[in-house]
Amino acid sequence: MSPLLQALLRAAQVLAGIPDLSKTIVVVASKSGGTLETLTNEKMVRKYFEDKGLDPKKHFACVTGKGSPLSLGLFPRATTVLPRLLRDVFLTLCACRVFTH
């Protein structure tokens, strides 16, 4: 099984285990904003929220780099554009996990 398919299956498992999506914030973190896996997962999670009747604009935030396609207003709730050095350190050291309220 390809790594991309494994990631999608894992994301689907995580989503199915969230007890209340209405209290969930999704943080998309990508330095370039163009990584296939990140964009594919973001689309899948966005569709999942839409299918559950939730507006992704109220549940998605983003951490990315200047000039990234993700910094162009796709995430009206919050987009943080970090300076290059800080961005690289943040995305290298962050532990991306699912937290629910």
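This is a conversation between a student and a tutor about reading the predicted model shown above.

Student: Let's start with the big picture. How many helices and strands does the protein chain have, and what pattern do they follow along the sequence?

Tutor: There are 3 helices and 3 strands in the protein chain. Going along the sequence, the pattern reads α-β-α-β-β-α. Keep in mind that the model is predicted.

Student: What share of the residues in the protein chain is buried?

Tutor: Of the 101 residues in the protein chain, 31% are buried. As for the outside, the protein chain exposes about 6,700 Å², and 60% of that comes from carbon and sulfur atoms.

Student: How do I read whether a single residue is buried or exposed?

Tutor: You look at its relative accessible area: under 20% is buried, over 50% is exposed, and anything in between is partly exposed. Take Val28, which sits in strand E1, residues 26-30. Val28 has 7% relative accessibility, so Val28 counts as buried. Now try Leu36, found in helix H2. Leu36 comes out at 54%, and therefore counts as exposed.

Student: And Asp55, where is that, and which class does it fall into?

Tutor: Asp55 is in the loop between H2 and E2. With 34% relative accessibility, Asp55 counts as partly exposed.

Student: Next, contacts. What percentage of contacts between residues at least 6 apart in sequence join residues at least 24 apart?

Tutor: In the protein chain, that figure is 57%. You can also look at pairs of C-alpha atoms. Val28 and Cys62 are 34 residues apart in sequence, yet their C-alpha atoms are 4.7 Å apart in space. Leu36 and Leu4 are 32 residues apart along the chain, with 8.6 Å between their C-alpha atoms. For Asp55 and Ser22, 33 residues apart along the chain, the C-alpha separation is 9.4 Å.

Student: How is a pair of aromatic rings described?

Tutor: In general, you give the distance of the centres and the angle of the planes. In this structure the count comes to 1 aromatic pair. The ring centres of Phe49 and Phe60 are 5.5 Å apart and the planes are at 75°, so this pair is edge-to-face. The pair links distant parts of the chain, with Phe49 in helix H2 (residues 36-51) and Phe60 in strand E2 (residues 60-65), 11 residues apart.

Student: Are Phe49 and Phe60 buried or exposed?

Tutor: Phe49 is buried, and Phe60 is too.

Student: Which residue has its charged end over the ring of Phe60?

Tutor: That's Arg46, whose charged end sits 5.0 Å from the centre of the Phe60 ring. Hold on to Arg46, since we'll meet that residue again in a moment.

Student: Then salt bridges. How many does the structure hold, and where should I look?

Tutor: The structure holds 2 salt bridges. One joins the side chains of Glu42 and Arg46, at 2.5 Å from N to O. Glu42 and Arg46 are both in helix H2, 4 residues apart, which is about one turn of the helix. Both of these residues are buried.

Student: What about Lys47 and Asp51?

Tutor: Their side chains meet in a salt bridge too, at 2.9 Å from N to O. Lys47 and Asp51 also lie in helix H2, 4 residues apart, about one turn of the helix. Lys47 has a relative accessible area of 46%, so Lys47 is partly exposed. Asp51, at 54% relative accessibility, counts as exposed.

Student: Last one: which residues make the nonpolar surface patch of about 310 Å²?

Tutor: Met1, Leu5 and Leu9 make that patch. To join a patch, a residue needs over 30% relative accessible area. Met1 is a nice case to check: Met1 is exposed because its relative accessible area is 66%. You'll find Met1 in the segment before helix H1 (3-16).

Student: So where should I look again to practise on helix H2?

Tutor: Go back to Arg46, which shares a salt bridge with Glu42 and has its charged end over the ring of Phe60. Then find Phe49 in helix H2 and follow the aromatic pair across to Phe60 in strand E2.

Terms used
Residues are numbered from 1 along each chain as its sequence is written. This is a predicted model: local features need pLDDT of at least 70, side-chain atom pairs count only at pLDDT 80 or more; totals for chains, interfaces and linings use all residues. Side-chain values use heavy atoms; hydrogens and water are left out. Patches are made of residues with over 30% relative accessible area and no salt bridge: like charges are joined within 9 Å, nonpolar side chains (Val, Leu, Ile, Met, Phe, Trp, Tyr) within 5 Å. Accessible areas come from the Shrake-Rupley method with a 1.4 Å probe; for residues, only the protein chains shown count as cover. A salt bridge is a side-chain nitrogen of Lys or Arg within 4 Å of a carboxyl oxygen of Asp or Glu. Helices (H or I, at least four residues) and strands (E, at least two) are DSSP runs, numbered from the N terminus. Buried means under 20% relative accessible area, exposed over 50%, partly exposed in between (1.4 Å probe, protein chains only). Rings of Phe, Tyr and Trp (its six-membered ring) pair if their centres lie within 6.5 Å; planes under 30 degrees apart count as stacked, over 60 as edge-to-face and the rest as tilted. A charge sits over a ring if NZ of Lys or CZ of Arg is within 6 Å of the ring centre and within 35 degrees of the ring normal. Contact means heavy atoms within 4.5 Å.
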